[in-house]
Amino acid sequence: MAPGSGAGAVSEPVTGQPVVISTWDTGLAANKGAWEVLSRSGSALDAVEAGVKVTESSINCCVGLGANPDRDGFVTLDASIMDHQFNCGSVAALERIKHPISVARRVMEKTPHVLLVGAGAQQFAVAEGFPLEDGKLSGDAKKAYEQWLKKSEYKPVINIENTKSSAYMAAPARLPNGEWNHDTIGMVAMDASGNLSGSVTTSGMGFKMRGRVGDSPIIGAGMFVDNEVGAVAATGQGEDVIRMCGSHAVVEYMRQGMTPEQACKAAVERIIRIKKEKAKDIQVAFIALNKKGETGAYAIQKGFSYAIKNNTEERMVEVKSIL
Ligand code: SD4
């Protein structure tokens with residue numbers, strides 16, 4: 001079946017060139033992890049799991065257990081994974097587990113469910129043999145939390161890279177130079193058989209309300225894969241991605257014939273129409289990969305970039321924005 005002809009069916013694999021893309025500059029290292037799998041003809045599913053595990057393992061990154069905690073001092077993690085046959089799994093508000101993405105994959109492969117949350121997700125992880133980590137905050141996260149506690153102001157803002165923006169200043173980033181304010185990696189890949197997969201893993205939002213879950217573990221919001229059309233991941237203000245099923249929308253725009261960049265732009269414009277004047281205070285960005293191996297992205301605000309790796313290139317790509 002040709003791409004774009006009909007909804008929902010699983011297409012015949014086409015022989016493609018492997019490619020992986022992922023959000024933000026942490027994507028460069030993550031792509032290398034994915035590439036180790038793709039370059040030896042491994043599956044896109046294995047690649048997107050291995051790739052974001054690199055980021056989850058980095059204690060100095062705002063993804064995984066090194067991340068900023070919620071406002072009660074707990075690091076709670078969300079993750080999702082999806083393959084080329086609409087199999088998907090996710091976890092939300094998971095604590096003290098180093099690799100939420102691998103737990104999400106177990107949910108997909110070993111349970112009849114898609115999403116496990118909180119204590120139940122942790123119980124499942126432990127039953128599956130994942131070690132329960134000690135739950136202490138990393139050095140940087142502890143400092144940032146202590147700093148935040150001084151005012152305890154609840155003004156969550158994610159991902160606005162423009163440090164001059166007042167919204168950004170209201171939510172200081174974890175690094176002392178204040179240049180870093182994101183907590184997520186989203187990755188999509190195509191393997192040598194032409195199959196697509198996607199993954200996202202995140203600590204969500206620093207100093208969020210206890211129990212807050214973002215878009216990343218919501219299939220169709222933070223990430224979506226339709227092997228007939230393309231694969232998409234989102235980053236930024238999760239609430240605004242959830243309310244318009246962002247990644248699913250981008251896939252559907254590609255199904256209508258848009259390029260990955262056009263499709264991401266259309267989705268971002270839709271968020272701006274929904275948010276109206278409040279759009280200036282948020283960042284949302286999408287990355288997309290279509291069945292031909294073409295990639296693209298779009299953001300609301302300046303400063304977003306994604307990392308790409310394929311047989312011929314390995315680099316960051318600056319992304320256009322609406323504002
Ligand atoms: C969330 N979308 O939990 C995530 C946050 C994010 O970089 O992308 N941070 O809303």
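What follows is a walk through the helix packing, the salt bridges and a few individual residues of this structure. Keep in mind that this is a predicted model.

Let's start with helix H1, which covers residues 27-38. Its 12 residues reach 15 Å from the first C-alpha to the last, close to the 16 Å expected at 1.5 Å a residue. A good many of its side chains face inward: Gly27, Ala30, Asn31, Gly33, Ala34, Trp35, Val37 and Leu38 are buried in H1. What do the buried residues of H1 pack against? Their partners are H2 together with three strands, namely E1 (19-23), E5 (184-190) and E11 (305-310).

The pairing of H1 with H2 deserves a closer look. The two axes come within 7 Å and cross at roughly 150 degrees. That angle is over 145 degrees, so H1 and H2 count as roughly antiparallel to each other. As for handedness, H1 passes H2 in a right-handed crossing. On the H1 side, the residues that meet H2 are Ala29, Ala30, Gly33, Ala34, Val37 and Leu38. H2 answers with Ala44, Asp46, Ala47, Ala50, Gly51, Val54 and Thr55. Of the H1 residues in this contact, Ala30, Gly33, Ala34, Val37 and Leu38 are among those that are buried.

Now stay with H2, but turn to charge. Side chains of opposite charge can pair when their charged atoms come close. The whole structure holds 23 salt bridges, and one of them joins glutamate 49 to arginine 105, with N and O 2.8 Å apart. Which helices does this pair link? Glutamate 49 sits in H2 (residues 44-57) and arginine 105 in H3 (residues 100-110), so the bridge ties together distant parts of the chain, 56 residues apart. Both ends are tucked away: glutamate 49 has a relative accessibility of 14% and counts as buried, and arginine 105 is buried too, at 13%.

Another salt bridge pairs lysine 309 with glutamate 314, where the closest N and O atoms are 3.7 Å apart. Here the lysine is buried, with a relative accessible area of 13%, while glutamate 314 is partly exposed at 36%. Elsewhere, salt bridges with shared partners join Asp46, Glu49, Arg105 and Glu109 into one network. Asp46 turned up earlier, among the H2 residues that meet H1.

For a local pair, look at helix H5 (residues 139-151), which holds both aspartate 140 and lysine 143. They are three residues apart, about one turn of the helix. An α-helix has 3.6 residues a turn, so residues three or four places apart point the same way. Aspartate 140 and lysine 143 do form a salt bridge, and their closest N and O atoms are 3.7 Å apart. Are these two buried or exposed? Aspartate 140 is partly exposed, with a relative accessible area of 25%, and lysine 143 is exposed, at 57%.

Further along the chain, helices H8 (residues 246-255) and H9 (residues 260-275) make another contact, their axes coming within 8 Å and crossing at roughly 130 degrees. That makes H8 oblique to H9. This crossing, too, is right-handed. H8 contributes Ala249, Val250, Tyr253 and Met254, and H9 brings Pro260, Ala263, Cys264, Ala266, Ala267 and Arg270.

Next, find serine 203, in the loop between strands E6 (196-202) and E7 (223-226). Despite its place in a loop, serine 203 is buried, with a relative accessibility of 1%. Which residues does serine 203 touch, leaving aside its neighbours within four places in sequence? Its contacts are Cys62, Ala67, Asn68, Thr76, Leu77, Asp183 and Lys208.

Finally, a word on backbone angles. Most residues other than glycine have a negative phi. Phenylalanine 86 has a positive one, near 65 degrees. This phenylalanine lies in the loop between strands E2 (77-82) and E3 (88-94) and is partly exposed, at 29%. Alanine 93 also has a positive phi, near 55 degrees. Alanine 93, however, lies in strand E3 itself and counts as buried, at 18% relative accessibility.

Definitions and conventions
Residues numbered from 1 in each chain as written. Predicted model: local features only at pLDDT ≥ 70, side-chain atom pairs only at ≥ 80, totals over all residues. Heavy atoms only, no water. Salt bridge = Lys/Arg side-chain N within 4 Å of Asp/Glu carboxyl O. Helix = DSSP H or I, 4+ residues; strand = E, 2+ residues; numbered from the N terminus. Buried < 20%, exposed > 50% of the residue type's maximum accessible area, 1.4 Å probe, protein only. Expected span 1.5 Å × (residues − 1). Contact = heavy atoms within 4.5 Å. Axes fitted to C-alpha atoms, helices over the stretch in contact; angles between N-to-C directions. Parallel < 35°, antiparallel > 145°, perpendicular 65-115°, else oblique. Left-handed = near helix turned anticlockwise from the far one by under 90°.
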